[in-house]
Amino acid sequence: MTQATDSSPRWSLAIHGGAGAMSPDIMDEAMAADYRAALAQALEAGAAVLRDGGSALDAVSAAVCALEDDPHFNAGRGAVFTYHETNELDAAIMDGRTRAAGAVCAVTRTRNPVRLARTVMEQGPHVFLAGSGAEEFARDHGMEEVDPAWFATDERRRQLHEFKARKDGWFDADLKFGTVGAVACDAQGNLAAATSTGGLTGKRWNRIGDSPLIGAGTYADNRACAVSCTGTGEVFIRVGVGHEIAARVRHAGETLEQATRAVLGEVGELGGVGGIIAVDAAGTLTHAFNTKGLYRGFADHTGRADVAIFTGE
C-alpha cells in the first residue's frame with residue numbers, strides 16, 4: 001500500500017455489504033474471513049481510484065461494481081430471489097458536486113446495475129428508470145447484458161425455499177439485509193454515493209425498497225454529506241434517511257455522526273433496522289447500525305484500510 005505523506009491529497013471512502021443478525025455466535029471464523037476478504041477487495045477497488053487522484057463518483061462506482069460481482073452479497077450476482085424465483089435488481093448513484101442522480105429498479109439482465117444507474121444519470125434525460133424500459137435504455141447504450149441465470153446462486157435459492165416453507169411474514173426473518181453501497185470524498189472535496197441491491201428474499205409485486213430512491217437509501221450533496229443505507233427499506237423510505245441526514249447537517253448544524261445516529265434512531269422508533277455509512281465534505285467518515293452486524297470497510301489518504309463485521313470492532 002502506498003505510504004501517505006504530509007502532502008498526500010486528502011480523500012476518504014466507506015463501503016457496506018449489508019446489515020443483519022451476523023455475530024460470532026452464528027458466523028464461524030472461516031465464513032467471517034471470506035466476507036472480510038470480499039470487503040477488502042471492494043474497498044481497494046474504490047481506494048485505488050482515489051489514491052490515483054480519481055473522482056468520488058468513479059470510486060463509488062468501482063467499489064459497488066466489485067460488490068455486485070461478488071456472490072457473498074445481495075446485489076448483482078448473488079442477489080436474493082423474488083417469490084417467483086427470479087432476481088430483480090435495483091441501484092442508484094448520486095454526484096454530490098452537481099446533485100445529478102441516476103437510478104434503476106427491477107432490472108434482470110444488466111450485469112452491473114450501478115453502471116446502468118450512472119449511465120442514466122450521465123446520458124439520459126431522466127433520473128429513474130424501471131424494468132423493461134431500463135433494460136431497453138441499457139441496450140441502447142451498449143451496457144453489458146447477461147443471462148438472468150448468471151445472477152442466481154444455489155445458496156440464495158435455498159434461502160427462498162426456506163422462506164416459503166416458514167410462511168411467517170413478508171420479511172427475511174434472519175434479518176440479513178445484504179444491500180451494498182459506497183460513499184466517498186475525493187481529493188477535490190467532491191462527494192458521491194452509490195447503492196445496489198437484490199431487495200428482500202421472497203419479495204412480491206415488484207416491490208422496491210429504499211436503495212434506488214434518491215433521498216432515502218442514496219444521497220449526496222457537497223454542501224453536507226453523502227449517504228448509503230441498508231435495512232428495512234419501507235421504513236428508510238418513510239424517514240427519507242439520506243436527505244434527512246444531509247438536512248440536519250446543513251440546517252441544524254449537527255455533526256455527521258450526530259445526524260446519522262439521530263436519524264437511525266427515528267428508523268428504530270418506527271420499527272426499522274439496518275445500517276448507514278456516510279461521509280461529509282471534510283472527508284469525515286461515520287457509520288451506525290442497530291443490528292448485530294454490518295459488513296463494512298473504511299479507507300483514507302493516511303493509509304487506513306479497515307474492514308469489520310460485528311458490533312464493537
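Visitor: What makes β2 and β7 paired strands?

Guide: This is a predicted model. Two strands pair if DSSP finds at least two bridges between them. β2 and β7 have 6 bridges, in the antiparallel sense. So they count as paired. One contact to look for is A92, whose bridge partner in β7 is T195.

Visitor: How do you know that β2 pairs with β3?

Guide: The cut-off is at least two bridges. β2 and β3, residues 101-107, have 5, again antiparallel. So this is a pair too. Here M94 stands opposite A101 in β3.

Visitor: What do β2 and β3 form, and how many residues lie between them?

Guide: They form a hairpin, with 5 residues between the two strands. R99 sits in the turn and has a positive phi of about 60°.

Visitor: Why is β2 called largely enclosed?

Guide: Buried means under 20% relative accessible area. In β2, residues 89-95, 7 of the 7 residues are buried, so the strand is largely enclosed by the rest of the structure. Both faces are covered. L89, A91, I93 and D95 are buried on one side, and D90, A92 and M94 on the other.

Visitor: Why is I214 called partly exposed?

Guide: Its relative accessible area is 32%. Partly exposed lies between the 20% and 50% cut-offs, so I214 earns the term. I214 is found in the loop between β7 (191-197) and β8 (218-221).

Visitor: Which residues form a nonpolar patch with I214?

Guide: V127 and F128 do. Together with I214 they have about 220 Å² of accessible area on the surface. Patch residues need over 30% relative accessible area. I214, at 32%, therefore passes that cut-off.

Definitions and conventions
Residues are numbered from 1 along each chain as its sequence is written. This is a predicted model: local features need pLDDT of at least 70, side-chain atom pairs count only at pLDDT 80 or more; totals for chains, interfaces and linings use all residues. Side-chain values use heavy atoms; hydrogens and water are left out. Patches are made of residues with over 30% relative accessible area and no salt bridge: like charges are joined within 9 Å, nonpolar side chains (Val, Leu, Ile, Met, Phe, Trp, Tyr) within 5 Å. Accessible areas come from the Shrake-Rupley method with a 1.4 Å probe; for residues, only the protein chains shown count as cover. A salt bridge is a side-chain nitrogen of Lys or Arg within 4 Å of a carboxyl oxygen of Asp or Glu. Helices (H or I, at least four residues) and strands (E, at least two) are DSSP runs, numbered from the N terminus. Buried means under 20% relative accessible area, exposed over 50%, partly exposed in between (1.4 Å probe, protein chains only).
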